[in-house]
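Please look over the sequence and the coordinates before reading on. The paragraphs below go from overall shape to packing.

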Amino acid sequence: MAEEQFQFTSKAKKTISIIAIVGVVLLGLGIFFTASDSGHSEQSGHQTEDTMDNLPVVADDLEDAHATEDIDQKHFGEPEHGEGEHAGAEHGEEHASWLKRIYANLWINNMYFVGLALLGVFFVAIQYVSQAGWSASLIRIPMSFSSWLPIGGALTLLIFLLGGHDIFHWTHDYLYVEGTDAYDEIIAGKRGYLNTPFFIGRMIVYFAVWYLMFRFIRKKSLEEDLKGGQDYFFRLRALSAIFIVFFAVTSSTAAWDWILSIDTHWFSTMFGWYVFASWWVTALAAITLVTVILKENGYLKIVTTGVLHDLGKFVFAFSIFWTYIWFSQFMLIYYSNMPEETIYFIERLSSDHYSKVFFVNLILNFFFPFLVFMPRDSKRHTVFLKIVTIIVLIGHWFDFYLMITPGVMKEDGGFGFLEIGMALIFGAAFLFVALRSLSKIPLVAKNHPMIEEAKHHHVF
Amino acid sequence: MMESGKKFIVGIFDDESILLSAVKKIRGNDVKIDECYTPYPVHGLDEELGYKRSRISIAAFIFGLIGTSLAFLMMIYMMGIDWPMIIGGKDHIAIPSFIPVAFEVTVLLAALGMVATFFIISNLKPYGKPKTYDIRSTDDKHVMAIDLAKNSKNTQELSTLLMESGASEVNEKNF
């Protein structure tokens, strides 16, 4: 078989640059609008009753909204945070709303793309552990995603160091001073786990081990290309098994650390799975989309319609899995009706802005893929595959938006140029890194022992 | 399907590869094959026979929809209209708490409906007598049945064709 190599053409680079430039322009516009809207944020101290009604919720509303001025008080608007209300202003550790919004967006996109990169390794690992043959022809695509891991890791650390106080309420020292107004017993009780040194330590360990395991897997897989034989397959399988065990724990703890702890008082034992489910659907959709686009551009002739069909089934099935986890989390909280738990959904459902996103999230991530991907033919046609995977990718971005923004921005969250611009920049950067790494390795793992099976993969 | 007087030409084949090539050849001669019976699933046979994909999944979807609607109607009637009760401080008609039941009824009706549909279209019913063209198809022979009424060729031509395609014997069978 001829060595197939992905050519990262200047045309593709140009397209990615254009996406990035559009992103930068939109981000600039977004910052400009948001910053000029919250320009009066200095004159704090008069929280009005009606601010809830005229919040800047979408881009169109940005111009006539001037309600963000009270940001310094409002992010403590949540009842449990009442005690800390004045402390925050006194300590002066909070930034203007637009800066906060940038941090929130950085964090959303960072989490989203770190997930894509991480679940790329997970996809490879799960294929080796289950000795799957069907996916052998496309194993290099998820592998290329994972090249984002070191960048994602650096960004995670950087954003935490820069905007940690804006994103994570628990990082404020004044919460832990006993006897003061700002003392928060609940958060102080979580200090054994949620403290900055341990948090950063865990972050570094996660990324270091994930990336190291990924390098091992990648190295073995590339050596297999040159030498062949079954040894590599078994070694990869062992490596993958170790990775999966580590991943099983750390995907959950990472989700607690990075996303759940934003709503510090709130907790959900399903949250690790929930984030995993969201990441996993995103990764599957991205793998499918990249495979389909490569195939349309003349690459990956080895990938049969049956393989695409199976990828479609994967996206379909795990969209339902995500919904199952989503609903289980919602249902238990709804049914037991305990205030400390329901606050999470009250925040999201009582706000005009978030409640829209809440239902958009469900429509894009459940009803759309469920109904469109149900018939067999739509999973075999590249047009449908592209439409659904793009919708699912957008939908899960909103899922992360909904996990992160209400906790960081409280009622002041918005969706406008800033959000779109930031997402485009991250998307372009991720695409650039992934495609560049893909262009450096053979596109098909030609000595994979299961490659013949993939070549003849055929489903009804 | 079971009315008497239907005449079938039945070819017996020893091997699945002979059967596959025979199917190709016989269909190439504009002969409609009624059905093939094999002791085990033969890979690629349904494609050679030109079978279309089963539409049973559509039936499953419709039964599923019926299940969802019935479940919601049932619960809305029981919990909201017939005997309203306050449970957990929720509304009488608390849709989120109905979803698990609705899901179960959907799965139940889709599964039962699919089985029932399959039984009906396969003519499997209590005390129904299955059509057995040749009992050896449950052992080691591959059996091909051709409906004489649906083809323009006569018995003689069909049995010659079957023998030429590799059948080890050709019988006639009336139902």
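**Domains, shape and cores**

Over C-alpha atoms, the centres of domain 1 and domain 2 of chain B are 45 Å apart. Domain 1 of chain B covers 7-53 + 140-174 and domain 2 covers 56-121, with bounds that come from an automatic or database domain assignment. The model is predicted, so that local features need pLDDT of at least 70 and side-chain atom pairs count only at pLDDT 80 or more, while totals for chains, interfaces and linings use all residues. Residues are numbered from 1 along each chain as its sequence is written, and chains are lettered from A and ligands numbered from 1 in the order in which they are written.

Along the principal axes, the C-alpha atoms of chain B fill a box of roughly 80 × 30 × 30 Å. From the N terminus on, the order of elements in chain B is β-α-β-α-α-α-β-α-β, where helices (H or I, at least four residues) and strands (E, at least two) are DSSP runs.

The largest nonpolar core, a set of buried Ala, Val, Leu, Ile, Met, Phe, Trp, Tyr and Cys residues joined through C-beta atoms within 7 Å, has 121 residues, and A:L116 and A:V315 are among those with the most contacts inside it. Helix α4 (residues 97-129) of chain A gives the largest share of this core, 21 residues. A second, separate core of 19 residues includes B:F13 and B:V143. Buried here refers to a residue with 20 or more other C-beta atoms within 10 Å of its own, with C-beta atoms placed from the backbone; such residues make up 19% of the 175 residues in chain B.

Terms used. A residue is buried if 20 or more other C-beta atoms lie within 10 Å of its own, exposed if 12 or fewer, and partly exposed in between; C-beta atoms are placed from the backbone.
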